Amino acid sequence: MGKVIYITGMSGTGKSTVLKALASQGYRTIDTDYDDWTLYKEGRHLLDEARLQNLLSSLSADDVLFMCGTVENQGKFYAQFHKVVLFSAPADVIIERIQKRTNNPYGKTPAEQAEILDYLETVEPLLRKGADVEINTQAPLEEIVSRIIKWL
């Protein structure tokens with residue numbers, strides 16, 4: 001199997017932005033928020049496990065793939081990923097980014113922002129435990145992308 005770098009973190013930490021930068025350099029990327037990589041089952045937001053397993057099984061030893069997302073069952077695949085990277089940023093930075101972004105409507109309402117802040121307290125510590133490395137995404141985009149590419 002090839003090298004898969006899985007980037008996770010709270011909404012507004014820059015996952016999609018970094019994936020876009022990696023794609024512009026010619027790397028294969030998948031943002032699990034799009035193209036039916038996730039599903040809702042019994043009120044839970046989950047990766048489509050069969051689809052992801054098929055993808056991972058189809059990768060050759062030379063393949064490189066960057067994926068991002070944050071869903072309940074992502075940990076089932078951690079052993080198959082080359083690296084799991086947690087993106088983090090202070091709450092005020094996250095809220096400011098979410099208010100300014102135009103590519104994703106999530107986080108615009110006060111209720112959604114409160115949910116994100118709650119996830120920072122309850123979900124991010126769980127993600128931290130499963131990650132190989134954490135990157136504070138207040139660093140310049142080019143620095144973050146360069147750091148991630150070095151793991152290949």
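Leu-52 and Phe-81 touch the most other members of the largest nonpolar core, a group of 26 residues. The elements giving two or more residues to this core are β1 (3-9), α2 (49-58), β5 (64-68), β6 (83-88), α3 (91-100) and α4 (110-122). Please keep in mind as you look around that this is a predicted model. Below is a short tour of the cores, a loop, a buried threonine and a strand pair.

**The nonpolar cores**

- Leu-52 makes a good starting point for exploring the largest core: leaving out residues up to four places away in sequence, Leu-52 touches Trp-37, Leu-47, Met-67, Phe-77 and Phe-81.
- Phe-81, one of those contacts of Leu-52, shares with Leu-52 the place of touching the most other core members.
- There is also a second, separate core, made of 17 residues, and Leu-19, Cys-68, Val-145 and Trp-151 are among them.
- As background, nonpolar side chains in soluble globular proteins tend to be buried together.

**The loop between β2 and β3**

- Asp-35 sits in the loop that runs between β2 (28-31) and β3 (38-41), and Asp-36 lies in the loop between β2 and β3 as well.
- Asp-35 is not a glycine, yet its phi is positive, at about 60 degrees.
- Asp-36, also not a glycine, has a positive phi of about 60 degrees too.
- Asp-35 counts as exposed because its relative accessibility is 61%, where the cut-off for exposed is over 50%.
- Asp-36 has a relative accessible area of 62%, so Asp-36 is exposed as well.

**Thr-38 in strand β3**

- Thr-38 is part of strand β3.
- With a relative accessibility of 18%, Thr-38 counts as buried, since buried means under 20%.
- The side chain of Thr-38 is joined to the side chain of His-45 by a polar contact of 3.1 Å.
- Setting aside neighbours within four places in sequence, the contacts of Thr-38 are Thr-32, His-45, Leu-46, Leu-47, Asp-48 and Val-71.
- Leu-47 turns up twice in this tour, as a contact of Thr-38 and as a contact of Leu-52.

**Strands β6 and β7**

- Strands β6 and β7 pair in the parallel sense, with 4 bridges.
- Within this pairing, Val-85 stands opposite Val-133 of β7.
- Strand β7, residues 133-136, has Val-133 and Ile-135 on a covered face, while Glu-134 and Asn-136 are on an uncovered one.
- In a regular strand, side chains alternate between the two faces of the sheet.

Notes:
Residues numbered from 1 in each chain as written. Predicted model: local features only at pLDDT ≥ 70, side-chain atom pairs only at ≥ 80, totals over all residues. Heavy atoms only, no water. Core = buried A, V, L, I, M, F, W, Y, C linked by side-chain atoms within 4.5 Å. Buried < 20%, exposed > 50% of the residue type's maximum accessible area, 1.4 Å probe, protein only. Contact = heavy atoms within 4.5 Å. Polar contact = N/O pair within 3.5 Å; in protein donor to acceptor, adjacent residues only side chain to side chain. Pairing = 2+ DSSP bridges.
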